[in-house]
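User: I would like to learn how to read the strands, helices and contacts of a model. Please take me through one case.

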Amino acid sequence: MSEPSPLYRDAAIMRMREQLDSSHAFLGLATERWLDDPLCWAQLGYAVMKDKPIYLLVRAGTPIPANLQKCAVAMEVFVSEEDLELAMARLLARMR
């Protein structure tokens with residue numbers, strides 16, 4: 001896979017900053033693919049630096065680093081896409 005162009009990367013980072021600056025919390029959908037995506041790393045790091053509460057929806061079996069587990073206010077695990085809606089409802093209940 002090739003590197004994104006600097007213009008694409010800069011635009012993506014500006015969108016990310018605007019979205020996270022206007023949000024109350026960071027909600028991440030943690031899957032194996034998510035853990036390999038540098039933009040997701042940037043989003044998570046920015047959320048930590050902005051002191052946003054971290055909430056994670058985690059696909060069962062996805063390894064979550066110990067330090068990320070410590071940062072998360074709450075995590076809910078889902079097994080399949082069918083289970084995702086229920087996991088999201090549980091997570092939203094914990095956000096209130």
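Analyst: The turns below treat the sheet, then a helix pair, then a single residue. This is a predicted model, in which local features need pLDDT of at least 70, side-chain atom pairs count only at pLDDT 80 or more, and totals for chains, interfaces and linings use all residues. Residues are numbered from 1 along each chain as its sequence is written, and side-chain values use heavy atoms, with hydrogens and water left out.

User: In what order do the strands form the sheet?

Analyst: Helices (H or I, at least four residues) and strands (E, at least two) are DSSP runs, numbered from the N terminus; two strands pair if DSSP finds at least two bridges between them. Here three strands form an open sheet, ordered β1-β2-β3, with parallel pairing. β1 and β3 (72-78) stand at the edges with a single partner strand each, so one side of each lacks a neighbour in the sheet. From one strand to the next the twist averages 15°.

User: How many bridges join β1 to β2, and which residue of β2 stands opposite leucine 29?

Analyst: Five bridges join β1 to β2 (residues 54-59). Leucine 29 stands opposite leucine 57, and leucine 27 stands opposite tyrosine 55. Together with helix α2 (residues 38-49), β1 and β2 make a right-handed β-α-β unit; right-handed means that, with the strands pointing away from the viewer, the path from the first strand over the helix to the second runs clockwise.

User: Which side chains of β1 are buried?

Analyst: Buried means under 20% relative accessible area, exposed over 50%, and partly exposed in between (1.4 Å probe, protein chains only). Along β1 (residues 26-30), Phe26, Gly28 and Ala30 point to one face and are buried, whereas Leu27 and Leu29 point to the other and are not.

User: How is a packed helix pair described?

Analyst: Two packed helices are described by the angle between their axes and the distance between the axes. Axes are lines fitted to C-alpha atoms, for helices over the stretch in contact, and angles run from 0 to 180 degrees between N-to-C directions. Helix α1 (residues 6-21) and α2 pack at about 35°, with axes 10 Å apart.

User: Where does alanine 87 lie, and which residues does alanine 87 touch?

Analyst: Alanine 87 lies in helix α4 (residues 81-95) and counts as buried because its relative accessibility is 0%. Contact means heavy atoms within 4.5 Å. Not counting residues up to four places away in sequence, alanine 87 touches Leu57, Glu76, Val77 and Phe78.
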